[in-house]
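This report describes a two-chain model, chain by chain and then at the contact between the chains. The sequence and structure are shown first.

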Amino acid sequence: MKLFKTLGLGLLASALTIGGAAAQEKTVKIATEGAYAPWNFTGAGGKLEGFEIDLANDLCGRMKVKCEIVAQDWDGIIPALNAKKYDAIMAGMNITDKRLEVINFSLPYAATPHGFGVMKDSPLAKLAGTGTTVSFEKDSEGAKKAIEAWKPLLKGKTVGVQGSTVNSQFLETYLKDTIEIREYKTTEQHDLDLTAGRIDAIFAGHGALKATQEKPEFKDMVVAGTGMRGGLLGRGVAVGMRKDDAELKKGFDEAIQAAIKDGTIKRLSEKWFKIDATPQV
Amino acid sequence: MDFAFMRDAFLTLIGGVPLTLNLAFMAVGLGAILAMLLALMRMSGLKVLDWPAQAYVFVFRGTPLLVQIFLIYYGLGQFRPTLQEWGLWVFFREPYWCAVFALTLNTAAYASEIIRGGLQSVPYNQVEAARACGMSGILLFRRVIFPIAVRQALPAYGSEIILMVKATSLASIITMMEVTGLAAKLISQTFRAVEVFIVAGLIYLILNFIITRIIMAIEWWLSPHLRRPPAVEPRLEAAHV
């Protein structure tokens, strides 16, 4: 008995010390993909870099917590969050109804339109609506019309897209019968196949397309067709969290609001995307 | 554990079985031919044939299949102009052929060693006995060496076939929607990794169960000398004659 008592006391004592340390500085583990430039990618030195890495560090500073950023493959990123491998996701993830069924999201911290990337000499470079954007939230009819306008040129073409994304869902829903959809693990892979000529176009967020264009091998890639926002493409990119983590959500929401207000998000998105990706409220 | 969901997942993933088997059998079939060639090169006793075969086996056994698939698909994609000039691009443009090509090259390396082992295990006295009966060259190979070698190599070759069935799952990284590709897609739609992967694992288990039974049947068929001879009915009336 005495042994158990001592053991119990010892455990209690160590639990108290751990609890005490946690109260002083909470560590939030954030997962990112590390393969979705410029949102998040693995830089030349093997370190994670990108818009979301900078933003995560900024938000954690505001929340007065210590942040640890880890890389995690995209297709397992939500199950691993719910399995408590980490506490939050910042990986260019859009808020969608489907994801809201299993996880919670903060307020959006960025939003860019989505569209096609094609090679300059491709017939698809003349895709209808290039240079314009339309939002499903504001003009659902206009968005559907814009998709119809693409169809004659897209007919029978092969389009690459990252699997399990709002982009792949968008193509499956609106263009399944028009194009052949090829799903890739990462955007880097479909970029490679676009230059290799295995596919005719890629479909991705404009931020990612801009970053791809910056690379010398992709200088002949252009963004084509109407830029799409909202609807299936989600309500902006936000931090993903477990549903029961209300405290963390509050912290992130406040920090994001502050970062939007003082222009941090505008500054960081202009640095990484060359466009202002501040979400319109 | 949601069994209704698992049944739906099973029905979805079953759709990938034809492609999984197609990839596995194409690779094993083509790989066997290449492996036979490599094994004969290794055993030819000629250095010009032996060394390239050794180098081939060293490279393809010593590097991960994942890396080989990546290099063949994305690596060769960088040399499109050259491949187009040679007329090979039609082949390498398709992810299916890249997957078959990578799997074939990989299995050929392993299988060539298995076949070589089988050929070398043929007892010399049996070869001598065959020679004494006047067999030589191709006849000797066809009637004696090859059947014995196949019998010896079959258990190891069976493992290699099973490994190939499982290796096809790597083709999902080059956009092939076989069982694992469909599983990954289903997980991303439902976020239920555990159930989907259990079902995917079950499908591979069923496939490989059937394959092991077939290999066992072939083994049984190839080793009549190990079986008990059929019991002879005593013929009673014969004793009176």
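A residue is buried here if 20 or more other C-beta atoms lie within 10 Å of its own, exposed if 12 or fewer, and partly exposed in between. The model is a predicted one. By that criterion, buried residues account for 46% of the 281 residues of chain A.

**Chain A: overall features**

Chain A contains 10 helices and 14 strands. Its C-alpha trace extends over about 80 × 35 × 35 Å along the principal axes. Of the contacts in chain A between residues at least 6 apart in sequence, 72% link residues at least 24 apart.

**Chain A: strand β12 and its partners**

Strand β12 of chain A covers residues 201–205, and 5 of its 5 residues are buried, so the strand is largely enclosed by the rest of the structure. Strands of a sheet pair through backbone hydrogen bonds, either parallel or antiparallel. Both senses occur around β12(A): strand β8 (residues 114–119) of chain A pairs with β12(A) in the antiparallel sense over 4 bridges, whereas strand β10 (residues 158–162) of chain A pairs with β12(A) in the parallel sense over 2 bridges. In the pairing with β8(A), A:His114 stands opposite A:Gly205. In the pairing with β10(A), A:Val159 stands opposite A:Ala201.

**Chain A: the sheet β2-β3-β4**

An open sheet of 3 strands is formed in the order β2-β3-β4 of chain A, with antiparallel pairing. Its edge strands are β2 (35–36) and β4 (48–49) of chain A, each of which pairs on one side only. Strand β3 (residues 40–42) of chain A is joined to β4(A) in the antiparallel sense over 2 bridges, and A:Leu48 in β4(A) is the bridge partner of A:Thr42. The loop between β2 and β3 of chain A holds A:Pro38. A cis peptide bond, with omega about 0°, joins A:Ala37 to A:Pro38.

The strand pairings described for chain A are collected below.

| Strand pair | Sense | Bridges |
|---|---|---|
| β8(A) and β12(A) | antiparallel | 4 bridges |
| β10(A) and β12(A) | parallel | 2 bridges |
| β3(A) and β4(A) | antiparallel | 2 bridges |

**Chain A: helix α7 and backbone angles**

Helix α7 (residues 187–196) of chain A has 7 of its 10 residues buried, and it is therefore largely enclosed by the rest of the structure. The buried residues of α7(A) are A:Thr187, A:Gln189, A:His190, A:Asp191, A:Leu192, A:Asp193 and A:Leu194. After α7(A) comes A:Gly197, whose phi is positive, near 80°.

Positive phi values also appear in residues other than glycine. A:Lys64 has phi near 55° and is located in the loop between α2 (51–63) and β5 (66–71) of chain A. A:Lys64 counts as exposed because it has 10 C-beta neighbours inside 10 Å. A:Lys84 has phi near 60° and lies in the loop between α3 (77–82) and β6 (88–89) of chain A. A:Lys84 is likewise exposed, with 9 other C-beta atoms within 10 Å.

**Chain B: helix packing and B:Asn22**

In chain B, the axes of helix α1 (residues 3–14) and helix α11 (residues 193–222) come within 9 Å and cross at roughly 50°. This angle makes α1(B) oblique to α11(B), and the crossing is right-handed. From α1(B), the residues B:Phe5, B:Met6, B:Ala9, B:Phe10, B:Leu13 and B:Ile14 meet B:Glu195, B:Val196, B:Val199, B:Ala200 and B:Ile203 of α11(B). By class, this contact has 10 nonpolar, no polar and 1 charged residues.

B:Asn22 belongs to helix α2 (residues 17–43) of chain B. With 16 other C-beta atoms within 10 Å, B:Asn22 is partly exposed. B:Asn22 and B:Glu128 are separated by 106 residues in sequence and by 42 Å in space, C-alpha to C-alpha.

**The contact between the chains**

The contact involves 12 residues from chain B and 17 residues from chain A. On the side of chain B that touches chain A, the elements giving two or more residues are α4 (65–77) and α10 (179–190) of chain B. The largest share of that side, 4 residues, comes from α10(B). By class, the side of chain B that touches chain A has 6 nonpolar, 3 polar and 3 charged residues.

Notes. Residues are numbered from 1 along each chain as its sequence is written. Chains are lettered from A and ligands numbered from 1 in the order in which they are written. This is a predicted model: local features need pLDDT of at least 70, side-chain atom pairs count only at pLDDT 80 or more; totals for chains, interfaces and linings use all residues. Two residues are in contact if their C-beta atoms, placed from the backbone, lie within 7 Å. Ala, Val, Leu, Ile, Met, Phe, Trp, Tyr, Cys and Pro count as nonpolar, Asp, Glu, Lys and Arg as charged, and the others, Gly among them, as polar. Axes are lines fitted to C-alpha atoms, for helices over the stretch in contact, and angles run from 0 to 180 degrees between N-to-C directions. Angles under 35 degrees count as roughly parallel, over 145 as roughly antiparallel, 65 to 115 as roughly perpendicular and the rest as oblique. A crossing is left-handed if the near helix is turned anticlockwise from the far one by less than a right angle, and right-handed if clockwise. Two strands pair if DSSP finds at least two bridges between them.
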